[in-house]
Each structure stands twice: as C-alpha cells, then as structure tokens.
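Biologist: Got a minute to walk me through this one? I'd like to start with the strands and then look at single residues.

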Amino acid sequence: ATLLSSPCWLLPGRGKACRHISRALSDTGSLGSALLETEAPPVLNVPVYSLATLGDDGATNMNMLTYATPVGIRPDRLWCISLYRKTKSHANFIARKSGVLQLLTERH
C-alpha cells in the first residue's frame, strides 16, 4: 500500500499538467502505474447519490455519495457504497444494515 500525502493524485495522461512525478515513479523508473501530483482535483462526472439512514433514537441522517454501484440483482438488489468510518451515517448503516439510496439529478 502507498501512503499519499498530497490531496490529489492522478495516473499519467488522465488529467491536467502536473507539478512533479511522485516518488513511485522515481523509484520504479516506469510510467506504467505511477501517480502524479496535480494542482487541483479533477472534475468528476459521476452520479451523485444521497443516503438517508435512521439512528437508534429515530433521528434521520443524510449523506452525499459519489461511490455507489450495483453489485447484484438476484435474489435481492445489492449495492456497494463507500462511507467514511466514524461518521453518523456509517454507524447508522452498520447498526440497521439498511438505508435509502437516492440518485440525485441536476435539479437537486
């Protein structure tokens, strides 16, 4: 595993001009899977979802997600989602094993 301290890293050829090539490149001497540091994060063009969860006290919580994808449809529709740990959404979802996932559109 590689620990990245920069806020934004991209694979070569996938973003704007980069300031310098990461240590991974200088260590390997290869451009194959090197990470590059960029000035700004890339613009994402991915679906955005909201996830509503319910706490033990009945309070609702809502979180925005950009990492969600269906992974199965039978016997039940299953989704793989990414939640930060140590958040209320994560705690609620782990406790109840459920939530309401909504695809947001531009008008949302």
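Modeller: What follows goes through sheets, a helix, the core and a few side chains of a predicted model.

Biologist: Which strands make up the open sheet, and in what order?

Modeller: Three strands, ordered 5-4-8, with antiparallel pairing. Strand 5 and strand 8 are the edges, each pairing on one side only. The twist averages 20° from one strand to the next.

Biologist: How many bridges hold strand 4 and strand 5 together?

Modeller: Six, in the antiparallel sense. Strand 4 covers residues 49-54. One register point: L51 has N63 in strand 5 as its bridge partner.

Biologist: And how do strand 6 and strand 7 pair?

Modeller: Antiparallel, over four bridges. They form a hairpin, with five residues between the two strands. G72 faces L78 of strand 7 across that pairing.

Biologist: Switching to helices. Where does helix 2 lie?

Modeller: Helix 2, residues 88-96, lies across strand 4 and strand 5. The helix runs at about 60° to strand 4.

Biologist: N92 is in that helix. Buried or exposed?

Modeller: Buried. Its relative accessible area is 6%, and the cut-off for buried is under 20%.

Biologist: What does the N92 side chain pair with?

Modeller: The side chain of T53, through a polar contact of 3.1 Å. Beyond four places in sequence, N92 touches T53, L54, G55, N61 and K97.

Biologist: Now the core. Which residues are in the largest nonpolar one?

Modeller: Five of them: Y49, L51, L65, A68 and L83.

Biologist: Take L65. What is around it, apart from neighbours within four places in sequence?

Modeller: L65 contacts P47, V48, Y49, L51, I81, S82, L83 and L101.

Biologist: L101 shows up there. Where does it sit?

Modeller: In strand 8, residues 100-103. L101 is partly exposed, at 27% relative accessible area. With neighbours up to four places away set aside, its contacts are Y49, S50, L51, L65, A68 and W79.

Biologist: How far is L101 from W79, C-alpha to C-alpha?

Modeller: 9.3 Å, with their positions 22 residues apart along the chain.

Biologist: Different topic: aromatics. How many pairs turn up in the whole structure?

Modeller: One. The rings are those of Y49 and W79, with centres 5.7 Å apart.

Biologist: Why call that pair edge-to-face?

Modeller: The planes meet at 70°, and over 60 counts as edge-to-face. Y49 is in strand 4 and W79 in strand 7, so the pair ties together parts 30 residues apart in sequence.

Biologist: What is the exposure of each partner?

Modeller: Y49 is at 10% relative accessibility, so Y49 counts as buried. W79 is partly exposed, with a value of 34%.

Biologist: Last residue, Y67. Where is it?

Modeller: In the loop between strand 5 (60-65) and strand 6 (68-72).

Biologist: Buried or exposed?

Modeller: Exposed. The relative accessible area of Y67 is 57%, and the cut-off for exposed is over 50%.

Biologist: What does Y67 touch, leaving out residues up to four places away in sequence?

Modeller: C80, I81 and S82.

Biologist: And how far is the C-alpha of Y67 from that of V46?

Modeller: The separation is 8.6 Å, and the two are 21 residues apart along the chain.

Note on methods: Residues numbered from 1 in each chain as written. Predicted model: local features only at pLDDT ≥ 70, side-chain atom pairs only at ≥ 80, totals over all residues. Heavy atoms only, no water. Buried < 20%, exposed > 50% of the residue type's maximum accessible area, 1.4 Å probe, protein only. Contact = heavy atoms within 4.5 Å. Pairing = 2+ DSSP bridges. Axes fitted to C-alpha atoms, helices over the stretch in contact; angles between N-to-C directions. Polar contact = N/O pair within 3.5 Å; in protein donor to acceptor, adjacent residues only side chain to side chain. Core = buried A, V, L, I, M, F, W, Y, C linked by side-chain atoms within 4.5 Å. Phe/Tyr/Trp six-rings, centres within 6.5 Å; stacked < 30°, edge-to-face > 60°.
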